[in-house]
Amino acid sequence: MNDYKEKILKICNESSKDTLMQTLEIEYIDVGEDFLLAKMPVTPKVHQPDGVLHGGATAALAESVGSAASYVFLDGNKFFVKGLEISANHVKSVKEGFVYARATILHKGRTTQLWEIRVTNEDDQLVSLCKLTTIALPRK
């Protein structure tokens with residue numbers, strides 16, 4: 001499982017090159033049977049004007065992890081995945097350190113999937129609770 005895990009994380013991290021994920025310094029750090037976990041540093045480049053983590057950066061982290069999880073847990077060679085809707089409830093602010101986003105699937109339909117992405121701080125306190133709906137369409 002360890003070799004498989006490392007391979008998945010390597011693919012996820014390599015696919016982030018020259019994308020928003022690289023700009024936000026998102027790094028995929030763990031994967032299990034039913035989850036994908038990433039982290040993102042909280043620095044001034046992802047702050048809103050009052051010096052706390054911007055909700056848009058949090059939503060970008062959540063959508064990135066949820067979409068990557070779709071590729072990992074649905075056969076990315078057979079399907080391409082697109083996000084349909086994302087919602088985020090921000091409950092705690094963060095000024096520095098890292099935030100962690102853990103995507104788990106709530107519904108895995110033939111075409112649509114529903115992901116829960118919990119964004120937490122370094123003390124494992126909930127920062128944002130996000131929901132992502134994706135669609136898997138067959139590659140032709």
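What span should the 19 residues of H3 have at 1.5 Å a residue, and what distance lies between its end C-alpha atoms? The expected span of H3 is 27 Å, and its end C-alpha atoms are 27 Å apart, which agrees. The structure described here is a predicted model, and every value below was computed from it.

## Helix H3

Many of the residues of H3 are buried, and their list runs through Ala57, Thr58, Ala60, Leu61, Ala62, Ser64, Val65, Gly66, Ser67, Ala68, Ala69 and Ser70. One of them, Ala69, has a relative accessibility of 0% and therefore counts as buried, since the cut-off for that class is under 20%. Leaving aside residues up to four places away in sequence, Ala69 touches Leu36, Leu74, Ala103 and Trp115. Ala69 and Lys10 are 59 residues apart along the chain, and the C-alpha atoms of the two are separated by 13 Å.

Gly56, which also lies in helix H3, falls into another class of accessibility: at 38% relative accessibility it counts as partly exposed. Between the C-alpha atoms of Gly56 and Asp18 there are 19 Å, with 38 residues separating the two along the chain.

## Helix H1 and its two sides

Helix H1 covers residues 2–14, and its 13 residues reach 18 Å from the first C-alpha to the last, close to the 18 Å expected at 1.5 Å a residue. The buried residues of this helix are Ile8, Leu9 and Cys12. Seen down the axis of H1, these buried residues fall within an arc of 95°, so they line one face of the helix.

What covers the buried residues of H1 includes strand S1 (27–31), strand S2 (35–42) and helix H3 (55–73). On the face of H1 that is turned away from its buried side, the exposed residues are Asp3, Lys7, Lys10 and Ile11.

## The largest pocket

The largest pocket has a volume of about 440 Å³, and 18 residues line it. Among these lining residues, Ile11, Cys12, Ala68, Tyr71 and Val72 lie nearest the centre of the pocket. The elements that give two or more residues to this lining are H1, helix H2 (20–23) and H3, and the largest share, 6 residues, comes from H3.

By residue class, the lining of the largest pocket divides into 11 nonpolar, 5 polar and 2 charged residues. Two of the residues nearest its centre have already appeared above in connection with H1: Cys12 is one of the buried residues of that helix, whereas Ile11 is exposed on the face turned away from the buried side. Ala68, which is also listed nearest the pocket centre, belongs to the buried residues of H3.

## The loop between H1 and H2

Ser16 is found in the loop between H1 and H2, and at 4% relative accessibility it counts as buried. When residues up to four places away in sequence are not counted, the contacts of Ser16 are with Met21, Gln22 and Tyr28.

Asp18 lies in the loop between H1 and H2 as well, but with a relative accessible area of 73% Asp18 is exposed. The backbone of Asp18 has a positive phi of about 60°, although the residue is not a glycine. Most residues other than glycine have a negative phi.

## The loop between S5 and S6

Asp124 lies in the loop between strand S5 (112–120) and strand S6 (126–138). Its phi is near 60°, a positive value in a residue other than glycine, and at 62% relative accessibility Asp124 counts as exposed. A positive phi outside glycine is thus described both for Asp124 and for Asp18.

Gln125 is likewise found in the loop between S5 and S6, and this residue is partly exposed, with a relative accessible area of 36%. Its contacts, not counting residues up to four places away in sequence, are with Lys92, Val119 and Thr120. The C-alpha atoms of Gln125 and Glu96 are separated by 14 Å, and the two residues are 29 residues apart along the chain.

Technical notes. Residues are numbered from 1 along each chain as its sequence is written. This is a predicted model: local features need pLDDT of at least 70, side-chain atom pairs count only at pLDDT 80 or more; totals for chains, interfaces and linings use all residues. Side-chain values use heavy atoms; hydrogens and water are left out. Helices (H or I, at least four residues) and strands (E, at least two) are DSSP runs, numbered from the N terminus. The expected span of a helix is 1.5 Å times one less than its number of residues. Buried means under 20% relative accessible area, exposed over 50%, partly exposed in between (1.4 Å probe, protein chains only). The arc is that of the directions from the helix axis to the C-beta atoms. Contact means heavy atoms within 4.5 Å. On a 1 Å grid over the protein atoms alone, a cavity is a set of points where a 1.4 Å probe fits but cannot get out, and a pocket is an open set with protein on both sides within 12 Å along at least five of seven lines; lining residues have an atom within 4 Å of a point. Grid points are joined across faces, edges and corners, and a volume is the space filled by probe spheres set on the points. Ala, Val, Leu, Ile, Met, Phe, Trp, Tyr, Cys and Pro count as nonpolar, Asp, Glu, Lys and Arg as charged, and the others, Gly among them, as polar.
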